[in-house]
Amino acid sequence: MDQIVLKLVSVSKTYPGVRALDDFSIECLSGEVHAILGENGSGKSTLMKIASGTVTPDSGSVEIDGKLLTSADARLAHELGLYTVYQDDSLVRELTVAQNLYLGTKKGEIPYGQMDAWAQGKLDAFEMPFPATTILGDLTPAHRQFVEIIKGLLNEPRVLLLDEPTSTLDMAGVAKLMAMIRTLTARGTGVLYVSHRLPEILDLADRVTILRDGVQRGTFPVTETLSENELVSLMIGRDLEGEYPDKLDHGTQAPVLSVRNLSGEHFHEISFDAYPGEILGFAGAEGNGQREALRALVGLETAQGDIQCNGRQVNHNAPRDALQSGVLFLSSDRVGEAIFPELGVRKNMMLTRLRDVVSGGFLSASREEAEAQAMRQDFGVVTASLDTPINGLSGGNQQKAALARSFRTGARAVLIDEPTQGVDAGARFEIYRAIRENIQDDGTCVINSSDAQELAGICDRVLVFSRGRIVAELTGDDVEEEKIVSSFLTTRDANKVRETNDKPALTSFGTAIQSLFGGSVTWWVPLVFLTILTLVVGGYAASQSDAFLSKINFRHILLAVAPAAMVAMAQLHVLLVRGLDVSVGSMMSLTVVAASFLIAFQAPISSIFLGIGACLLIGVVVGLINGVLVRYAKINAIITTIAMLSVLQGLALIGRPTPGGLISQVFTEFLRSRVGFLPISVFFLIAFAVINDIWLHRTRSGLEAKAIGFREEAARRNGVRVDLVQIRAYVLAAVIATLAGFFLSSEVGVGHPTIGANFALASIAAAVLGGASLAGGRGSFGGALFGAFFFTLTINVISILGLSASVGVIASGIMTLLAVFLYTGFSELEKVLASLRRRRIFRKNYGAQKGQET
């Protein structure tokens, strides 16, 4: 008898107003592919999340390989032998492929220094056409999906959960995945497989469980007599007739959309016409330019060529310009580009039509409601309320809401990339009918789909792409699945060569730098900018005052930079995990006051060490309180640390209402001592920054911190202890702020209760000037040190030039705003440089291919 590797017993889960799962039970056997089939909203995603340990059920139990999953913990599920390939993936796009794969391994299994070589070996084993050092966000959706799949296979799981694994794959990709799954099940792994593509289930699965409205409707063996129609009937509870709407004869009307000689990075000399009432399809193996060509029509890809809609020239510089010309695009990246996840269904459907419901400069709520209700009814959007956030709807209803918005904008040509990706069979056919009905008068629709069956069923004509060019046009009876597939199968080998040639050609130096700094190739931009600013400000000060370049002034700058740099690095620890700590300045003030008691004047050496330990312990306690309140009490980080700021400032004022209490001269003189010309603090700061940067960019712990900052949910799905890492960040911030307070105490020499008040904002500005992001995940401790140096230099120059102290306060605020503004610019520059790099590689390879063809 086959061993049960996954067992769910009487599992239930309720969300506000929705019973997602109701007393659901299932078993998956060793070596079996057990499919889960159900409509969107039937509870499949909830089932997968409970089984994978990312959602806690209200009742019921989960057993993995005979062992009970005692808590909702993805890391524990991994340890028991269960891994998940998520529909919305568990990848971090800002990291490299190697770093993403590395996050999926068990801690300590692979040394970080061997990560790239190890990851490249895994990619080569699966014949992936991109290097491990590629930034994940630079890959196509299909290649990203394969990275997700490979990551799930790394640890030879006892049970693998696959949630819509083929939603972004073409025919070749699906075939490759099928082979991988069969190899895996032959080794005894059980696979729980969720897909809306019925042929895959019939081809691959051993058993299928039907889930409808959160209730199990039965488990059936997959035999040769089981048909797609029977599966659909089981899934939706009724027979489904007339799957595809009837196709129309378009005669010889003038085209709605006319494209001539459109060329871009991934496609060349694309020309076609789309006629009134016609659905025109783009087909081809993934990576042959069809998706990019479609996006280029509305300015989402750079291209040159002539585009006309109803005889008028289309401005394809940007989607807004294209829409004004009558052309609209609906992306396959539903969450990223097609919907506004946090907004309600009404706002998502009405966003492009708000001008239609404005009266006298004010939005008419009643007219907006009426229009939204009409769109909801016309497109069959199922939702409890129009105010329900759209991310709470099923994928099919999200897509129908996005289609409602698209077809009600007044656009004559609607372009849709993957119209039914991740959509169940019932909703899919409703979408087909909606598309046909909404263009039948005078519109046209161009769709790109990786599903040849879908193209054959809905399209009047199909254009087949290969290597960035249209190589075939199928019309009439030729628009059938077999002919669509065979049209691009003959060129697949050439496409494979092209994909291989498209590997980014990084130099060994570039690869090393990219690996060191977490995948960012523009890490140096903030540092170069800071260098220029420093030279400009320093040069101006030197030209205005001889005192600026004096040894005593320069030594003063270096001494003053110590507390500023330390608190900037403290702030960076929190910024990395997408947090913020505005209490660090008050932590410095409290440390100075505490030092005036615990490290008092003429205290013996033993007391000094005990005082240092006591101050650091205070920092640990403060950091723990901040972290626990943010993570477990779910209080906003800004509110939490503002409250802590007030508490710490109050304690400092209680201890020393006015400045007083001498601090040990031995302690302060040690911190101000010099090695030759340079203060000892300079060497400490450099060493501290280097050690922290090595931790951040060359250890698993640092990688986990960046992953949380970039995408917390992905980190959690990879088994990262998100709560622990974020609490650690707040503890480190408070402890390092305590160290900054020690350096500050050596400057003032007495217990000053408000001395650190201005350091909170300065710490944020310095860290961001050095390349950190308020959105998390980015930054370097060397950059924070440099940012603090520039900040200190600016304040010194203001003093040297005899300007008012108020100018320094104003300058601090301006630099804080400048830092945030500049980071946005740095991020955009990084995107531009990445695009230019890909184009350069493409031109090189494409030129070589042209030469071979000639």
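In what order do the six strands of the open sheet line up? Going across, the order is β6-β7-β8-β3-β9-β10, and the pairing is mixed. Keep in mind that you're looking at a predicted model, so let's also check how confident the predictor was, since pLDDT is its confidence in each residue.

**The sheet**
- β6 (82-85) and β10 (215-221) are the edge strands, and each of them pairs on one side only.
- From one strand to the next, the twist averages 20°.
- In general, strands of a sheet pair through backbone hydrogen bonds, and they can do that either parallel or antiparallel.
- For a parallel example, take β3 (residues 33-37) and β9 (residues 207-212), which are joined by four bridges.
- If you want to find one bridge partner yourself, start at His34 and look for Arg207 in β9.

**Helices packed on the sheet**
- Helix α5 (residues 141-153) packs on the sheet and touches β6 and β7 (159-163).
- The direction of α5 makes about 175° with that of β6.
- Helix α6 (residues 171-186) also packs on the sheet, where α6 touches β3, β7 and β8 (190-194).
- Compared with the direction of β8, that of α6 makes an angle of about 150°.

**How confident is the predictor?**
- The protein chain has an average pLDDT of 85, with 88% of the residues scoring at least 70.
- Residues 491-521 are a stretch to treat with care: pLDDT there is below 50, though the model gives this stretch 63 contacts beyond near neighbours in sequence.
- Residues 837-854 also stay under 50, and the model has 26 contacts for them beyond four places in sequence.

Terms used:
Residues numbered from 1 in each chain as written. Predicted model: local features only at pLDDT ≥ 70, side-chain atom pairs only at ≥ 80, totals over all residues. Heavy atoms only, no water. pLDDT = per-residue confidence, 0-100. Contact = heavy atoms within 4.5 Å. Pairing = 2+ DSSP bridges. Helix = DSSP H or I, 4+ residues; strand = E, 2+ residues; numbered from the N terminus. Axes fitted to C-alpha atoms, helices over the stretch in contact; angles between N-to-C directions.
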